[in-house]
Amino acid sequence: MKYWKYYLLALLVIVIDQLSKWAVHTYMEPGMAGEISLFGDWGKLHYTLNPGMAFGVELPPPYGKILLTSFRLVAMVGISYYIYKLWQRRAFPGFIACVALILGGAVGNLIDSIFYGIIYDNAPFGVPTPWFHGQVIDMLFVDFPDGFFPISWPLIGGKVIPDFPIFNIADSCIFIGVVLILLNQNKFFAEEQAANHVAQDAEVPRRDAETSEVV
């Protein structure tokens, strides 16, 4: 597989993510008033804005968001270069594809942060500039029923069932890429591990030979 095809995969993620956010912003009302049921009562579209990172975590204002966006930009460049280096090293194609999913998701949310304060005028009130202060559009909502975990469950028994974070296509692709890497480590890194074993096996006779010469 040519290396540029992995960038095409990342580009596909970006396009789908941005089209979904455009459609939500254009055709949906924010909040509960605009909710659309997809899978009964638990799978919904819910238009909301996220000013920070995953799960709504924010860095301190007024320049925290600029730092976050700058970090995302550097990470995007680093991941892009990493994909090319993986391809040069003939890494497992599935692993490179997972990294491409992560890249596409990262760029999707980066576009929101850089441009949405201008395009959709959704920068929070009082920010020094709408550039780099756009809020990420989230819409995928898994609505767990309100209530408490059963008392018999260890650690979490009796505690309130938390609301599941609302996320988007970009977040989903990052999550899927990371989970697939974790679940397939033996397959993705089998050749690299085998090469390390071969190198170690070759190192032992060389050391023995050097020791014999000294003796």
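I'll start with the transmembrane annotation. An unreviewed UniProt entry lists residues 66–84, 96–119 and 164–183 under "transmembrane region". What we have to compare with that entry is a predicted model. Over residues 66–84, the model is 100% helix and 0% strand. The C-alpha atoms at the two ends of 66–84 lie 28 Å apart. Over residues 164–183, helix drops to 75%, strand is again 0%, and the end C-alpha atoms are 23 Å apart.

How far can we trust the coordinates? The mean pLDDT of the protein chain is 85, and 82% of the residues reach 70 or more. Helix 1, residues 3–27, has the highest confidence, with a mean of 97. Helix 6, residues 190–214, has the lowest, with a mean of 57. Where pLDDT is low, the predicted coordinates should not be read in detail.

Now the helix packing. Two packed helices are described by the angle between their axes and the distance between the axes. I have three pairs to go through.

The first pair is helix 3 and helix 4. Their axes come within 7 Å and cross at roughly 155°. Angles over 145 degrees count as roughly antiparallel, and helix 3 is therefore roughly antiparallel to helix 4. The crossing of this pair is left-handed. On the helix 3 side, the residues that meet helix 4 include Phe95, Leu101, Gly105 and Asn109. On the helix 4 side, the residues include Ala170, Asp171, Gly177 and Ile181. By type, the contact of helix 3 with helix 4 has 13 nonpolar residues, four polar and one charged.

The second pair is helix 1 and helix 3, the latter being residues 93–119. These axes come within 8 Å and cross at roughly 40°, so helix 1 and helix 3 are oblique to each other. Their crossing is right-handed. The contact of helix 1 with helix 3 counts 15 nonpolar residues, five polar and three charged.

The third pair is helix 1 and helix 4, with helix 4 being residues 169–183. The axes come within 8 Å and cross at roughly 145°. Helix 1 contributes Val13, Ile16, Asp17, Ser20 and Lys21 to the contact, and helix 4 contributes Ile169, Ala170 and Cys173. That contact divides into five nonpolar residues, one polar and two charged.

Next, the annotated site. Which residues does UniProt list as "active site"? The unreviewed entry names Asp138 and Asp171. They are spread over 34 residues of sequence, yet they cluster in space, with a largest C-alpha distance of 9.0 Å. Asp138 sits in strand 3, residues 136–142. Asp171 has already come up, as one of the helix 4 residues that meet helix 3.

Last, tryptophan 42. Where is it placed? Trp42 is in the loop between strand 1, residues 36–39, and strand 2, residues 43–50. Leaving aside neighbours within four places in sequence, Trp42 is in contact with Phe141, Val142 and Asp143. For Phe141, the separation from Trp42 is 99 residues in sequence, but 7.8 Å in space, C-alpha to C-alpha.

To recap the packing: helix 3 and helix 4 are roughly antiparallel, and helix 1 is oblique to helix 3. That's what I have.

Note on methods
Residues are numbered from 1 along each chain as its sequence is written. This is a predicted model: local features need pLDDT of at least 70, side-chain atom pairs count only at pLDDT 80 or more; totals for chains, interfaces and linings use all residues. Side-chain values use heavy atoms; hydrogens and water are left out. pLDDT is the predictor's confidence in each residue, from 0 to 100. Axes are lines fitted to C-alpha atoms, for helices over the stretch in contact, and angles run from 0 to 180 degrees between N-to-C directions. Angles under 35 degrees count as roughly parallel, over 145 as roughly antiparallel, 65 to 115 as roughly perpendicular and the rest as oblique. A crossing is left-handed if the near helix is turned anticlockwise from the far one by less than a right angle, and right-handed if clockwise. Ala, Val, Leu, Ile, Met, Phe, Trp, Tyr, Cys and Pro count as nonpolar, Asp, Glu, Lys and Arg as charged, and the others, Gly among them, as polar. UniProt positions are given in the numbering used here, feature names are shortened, and annotations may be inferred rather than shown by experiment. Contact means heavy atoms within 4.5 Å.
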